[in-house]
Amino acid sequence: MEYSLDEVMETVRMTMYHNFDIRTVTLGINLKDCIDPDIESFKSNVYDKVTEYGKRLVHEAGKLEDKYGVPIINKRISVTPVSLIVESCDEDAPLEIAKTLDRAARDANIDFIGGYGALVQKGMTRADARLIDSLPEALSSTERVCAFLNVASTVSGMNMDAVIKLGSIIKDIAGRTENGIGCTKFAVFSNAPEDNPFMAGAFHGVGEPDFSLNIGISGPGVVRSVVEKNRECDLTELSEVIKRTAFKITRAGELIGRELASNMDVPFGIVDISLASTTKVGDSVAGIVEMMGIGKMGAPGSTAALALLIDAVKKGGAMASGNVGGLSGTFIPVSEDSGMNEAVKKGALSIEKLEALTAVCSVGLDMIAIPGDTPAETISAIVADELSIGVVNAKTTGVRLIPVPGKIAGDYVNFGGLLGETYVMDISTFSSRDFIMRGGRMPAPITSMRN
Amino acid sequence: MPKDLVFITVIGKDQKGIIARLSNAVFRHNINIEDLNQKVMEGYFVMTMLADMAESKASISDLKKEFAEIEKQMDLKIQVQHENIFKAMHRV
């Protein structure tokens, strides 16, 4: 036999016992060719394009799940940032498009559709402002639409006027939805990648072709199991072991992504090698860090352990695929990762430590429940802190906070399903209002002048 | 005709008739067994069968449906995966 029994069993075990899966296949769709001065024609163009390709995506992905025995958990669509396609339309066009996208996603059996957002790192057009103002209504009146805003970048600095707006918008979204769940569909970024396959922040960037099939692999369970098997080795060797595993799962992801793109007759985009955790026990990034020897996620040493982990994943992934892209960092969403959630419950993990983790490899403060009475300007200040790390370090950072109405620090909240459950985190009560309300634009850092 | 290879993997308690039942199912679908390997790993019976589906009318999902019955009756776990994924993961 061309393969040894051990080789075959390694692959089989990954899928059978260690939750190896393709976390998402996300088809990016250009909607610029749907624009029409007549809003009804515009909506029908959008609906037709999204449903046609959405249905094909679901159908073709299902066939590959069978062929390779690897579950493809989510089939999703990202579209051209909606603010760009409604520039010449009436005031209520953004909302109309949001509802159309929602209906199209539902009819095509797509669970989330991303791209309801704008890139405003340097300033806002009238259409951008209208879209931002529509966010609370759009996210509370639709089920599947995900929204994003890019408000900062290394070359443009940070649009603080947009950051001020965001604080109250996040609170408004929370207030209109049960347990503030609308906020789980909204991500704010610095340096947002244009080919990110993961929700809530996915959108089909302006530099992309008509279509682009992007894939997010997963495998915290697989990595955890190899770390478990290598309890005694030093960190150099541990890095090697993780690297080899990341290589293998990335190769599998690339194979499935390329085949899916070819079967759909669309260009293959990127493989996002982020380790995406789920609420399943054992499928947790915190679980890997703890298996490496950290007493509890958030304890001293966690930042170093996570840095080593993701560096090894990147090296293995880069060797496996020439198309690594998207976020390709660490996701440590608090509510969606059972180990992270447990660490919050035990008091091992604070929001400040989570912020520190983003300085090395995490891509943001993700799925964090905060007290419902947190002032809007404090939310803006947390966003500004987090995005500054991205701006200065020339990396992506994002924020997805949920100020849960009526809840205080320590309260339990359940978002249901893949969104998970969590405990409300403690937030400093000292105010930075005067700093935030200055507004303006934080200049780009000196490191951005590279020409 | 180019080959269309799949790995059929079985994990479970060792018992009489595992290979007989699988080979029978595979034979009925006109699938050729290219190679067979079995051993006891960590207390479990493990078998991998490399099979060529090129001349079969059945799809992988048809085969999986048929194996689901055997899985239930014999308390086994059976996985069918196209060879490409093993090539991608284990061969550079």
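Me: What makes strand β1 (residues 22-29) of chain A mostly covered?

Reply: Just count: 8 of the 8 residues of β1(A) are buried. Keep in mind that we're looking at a predicted model. To be called buried, a residue needs 20 or more other C-beta atoms within 10 Å of its own.

Me: How do you know that β1(A) and β2(A) are paired?

Reply: A pair of strands needs at least two bridges found by DSSP. Here 7 bridges join β1(A) to β2(A), so they pair. The two strands run parallel. For a spot to look at, find A:Ile22, which stands opposite A:Ile72 in β2(A).

Me: Why is A:Ile77 called buried?

Reply: First, find the residue: A:Ile77 is in strand β2 (residues 72-79) of chain A. Next, the count: A:Ile77 has 28 C-beta neighbours inside 10 Å. The cut-off is 20 or more, so A:Ile77 counts as buried.

Me: Which residues does A:Ile77 touch, leaving aside its neighbours within four places in sequence?

Reply: Among them are A:Thr26, A:Leu27 and A:Ile29, and β1(A) covers residues 22-29. Other contacts of A:Ile77 include A:Val50, A:Gly54, A:Ile110 and A:Ile113. A:Ala105 is one of the contacts too. A:Ala105 is 28 residues away from A:Ile77 along the chain, yet their C-alpha atoms are separated by 8.1 Å.

Me: But contacts need 7 Å, so why is A:Ala105 in contact with A:Ile77?

Reply: Watch the atoms! The 8.1 Å is for C-alpha atoms, whereas a contact is judged by C-beta atoms within 7 Å.

Me: What makes helix α7 (residues 220-229) of chain A mostly covered?

Reply: Another count: 8 of its 10 residues are buried. They are A:Pro220, A:Gly221, A:Val222, A:Val223, A:Arg224, A:Ser225, A:Val226 and A:Val227. What covers them includes α1, α8 and α9 (285-291) of chain A.

Me: What makes up the largest nonpolar core?

Reply: It has 171 residues. To belong to a core, residues such as Ala, Val or Leu must be buried and joined through C-beta atoms within 7 Å. Those with the most contacts inside this one are A:Leu101, A:Ala147, A:Val289 and A:Leu401. Helix α8 (residues 235-264) of chain A gives the largest share, 10 residues. The core also draws at least three residues from each of domain 1 (25-190) and domain 2 (215-448) of chain A.

Me: Which residues does A:Ala147 touch, not counting those up to four places away in sequence?

Reply: Its contacts include A:Tyr116, A:Leu135, A:Ala138, A:Leu139, A:Phe186 and A:Ala200. A:Gly117 and A:Lys185 are on the list as well.

Me: How many residues does each chain bring to the contact between A and B?

Reply: Chain A brings 17 residues and chain B brings 23. On the chain A side, α1(A) gives the most, with 7 residues. The elements giving two or more residues there are α1 (5-16), α2 (39-68) and α8 of chain A. By class, that side has 10 nonpolar, 2 polar and 5 charged residues.

Me: How do you know that chain B agrees with a compact globule?

Reply: For 92 residues, a compact globule would have a radius of gyration near 12 Å, and chain B has 13 Å, so the two agree. Its C-alpha trace spans about 35 × 35 × 20 Å along its principal axes, and 33% of its residues are buried.

Me: What elements does chain B have?

Reply: Chain B has 3 helices and 4 strands, running β-α-β-β-α-β-α from the N terminus on.

How values were computed: Residues are numbered from 1 along each chain as its sequence is written. Chains are lettered from A and ligands numbered from 1 in the order in which they are written. This is a predicted model: local features need pLDDT of at least 70, side-chain atom pairs count only at pLDDT 80 or more; totals for chains, interfaces and linings use all residues. A residue is buried if 20 or more other C-beta atoms lie within 10 Å of its own, exposed if 12 or fewer, and partly exposed in between; C-beta atoms are placed from the backbone. Domain bounds come from an automatic or database domain assignment. Two residues are in contact if their C-beta atoms, placed from the backbone, lie within 7 Å. Ala, Val, Leu, Ile, Met, Phe, Trp, Tyr, Cys and Pro count as nonpolar, Asp, Glu, Lys and Arg as charged, and the others, Gly among them, as polar. The radius of gyration is taken over C-alpha atoms; the globule rule is 2.2 Å times the number of residues to the power 0.38.
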